[in-house]
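Me: I am new to this structure and would be grateful for a close look at a single part of it. Please take one helix and describe it together with its surroundings.

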Amino acid sequence: MKVTIKDIATICGVSAGTVDRALNNRTGISEKTREKILKTAKELNYRPDYTARSLVMGKTMTIGVVLFDLYNRSFAQLLNAIELKARELGYFIYITLSDKNPENELNCIEHLVNRKVDGIILFTVNKGEQFEANLSKWGIPIITIFNYVSEKWEYIGIQERQAMKEAVDYIASKRYKKFIYISPPLTYLGKNNIYTQEERLNGFYDGLKSNGITSKPLIIKNSEYIKELDNITFSQDGKVAIVCSTDLYALEVMNYLKEKGFNIPEQVGVMGFDDIDMLKYITPRLTTVKYPIDEIGRRAIESMVNKINHGHFISTPLLNYQIIKGESI
């Protein structure tokens, strides 16, 4: 037989409202009464009826998340930060993965809406007026992360362009004159929302220009970028820097260079972007841009819960980043 709040109230000789306050750690009751109620609930193996609770409260205490996939370690880090903060604030997370497919993403959003989530944290590949109209029709709080949509939608991220520009400034200070830029997502340029990758590419060009580097960089957009490197003859003067738009690509490049017998950075320098947690196991330490992954996850949940409970998001300025000066440059 399922134990209810009314059952606990009868046994403890208090009202159902008092039991609810104790179970949800709210004020308005004595500590002695709270302890008695919690002890009774534990002895009776009480389990909350979330369906009934959602009808009373007008919310399900769930938040949906739409990500590309979990192959990129930074996405896994982000999801972990989101889940930990949500749990701390009493919320559960529904995870959906779009596989970078615009249609799949729309289906993910509709699925979450149909599951009555209280809000959605969205890393989108979609953009444009039709997409924004689609989001608006659901009438649900949405926070966008990484890929910016428009000023209509709450956004949490960093100054991607400036971060990459400063990264190139640092590389240039090491007297590199020749550059290779690797970013396979650029194949979707003009098709999907790849805001972060576009901004990083623009920042790369800004850095070259501001440092007076006139040699034309090689831009590799091919997903088989390692094969592209096979066609390049690296000189022995140590002045070629390979800049990658994520650490994942940079690690693949470093493995390739090591297999080919190149010394890093004496012959070829390598830089990534994200500072994923597994870099602590890599030698030489990858030079990269530290992306505040955990903070983005925490801020997204805090702002979403504030919107759900109080009707407005927490104003979040663009977050700080840091150039991690490893030994790979």
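How many residues does helix H5 have, and what distance does it reach from its first C-alpha to its last?

Reply: The model is a predicted one, and the description below should be read in that light. Helix H5 covers residues 73-88 and has 16 residues. From its first C-alpha to its last it reaches 23 Å, close to the 22 Å expected at 1.5 Å a residue. Just after H5, Gly-90 adopts a positive phi of about 90°.

The buried residues come next. In H5 these are Ser-74, Phe-75, Gln-77, Leu-78, Leu-79, Ala-81, Ile-82, Lys-85 and Ala-86. An α-helix has 3.6 residues a turn, so residues three or four places apart point the same way. The cover over the buried residues of H5 includes four strands, S1 (62-67), S2 (92-97), S3 (120-122) and S4 (142-145), as well as helix H12 (293-310).

H5 also takes part in a pocket. It supplies at least two residues of the lining of the second largest pocket, as do helix H9 (195-210) and helix H11 (247-259). Of the contributions to this lining, that of H9 is the most, with three residues. The pocket holds about 590 Å³ of space and is lined by 29 residues. Nearest its centre lie Phe-68, Lys-100, Pro-185, Gln-197 and Tyr-249. By character, the lining divides into 15 nonpolar, 10 polar and four charged residues. Domain 2 (61-157 + 293-319) and domain 3 (160-290) each provide at least three residues of the lining.

Methods
Residues are numbered from 1 along each chain as its sequence is written. This is a predicted model: local features need pLDDT of at least 70, side-chain atom pairs count only at pLDDT 80 or more; totals for chains, interfaces and linings use all residues. Side-chain values use heavy atoms; hydrogens and water are left out. The expected span of a helix is 1.5 Å times one less than its number of residues. Buried means under 20% relative accessible area, exposed over 50%, partly exposed in between (1.4 Å probe, protein chains only). Contact means heavy atoms within 4.5 Å. On a 1 Å grid over the protein atoms alone, a cavity is a set of points where a 1.4 Å probe fits but cannot get out, and a pocket is an open set with protein on both sides within 12 Å along at least five of seven lines; lining residues have an atom within 4 Å of a point. Grid points are joined across faces, edges and corners, and a volume is the space filled by probe spheres set on the points. Ala, Val, Leu, Ile, Met, Phe, Trp, Tyr, Cys and Pro count as nonpolar, Asp, Glu, Lys and Arg as charged, and the others, Gly among them, as polar. Domain bounds come from an automatic or database domain assignment.
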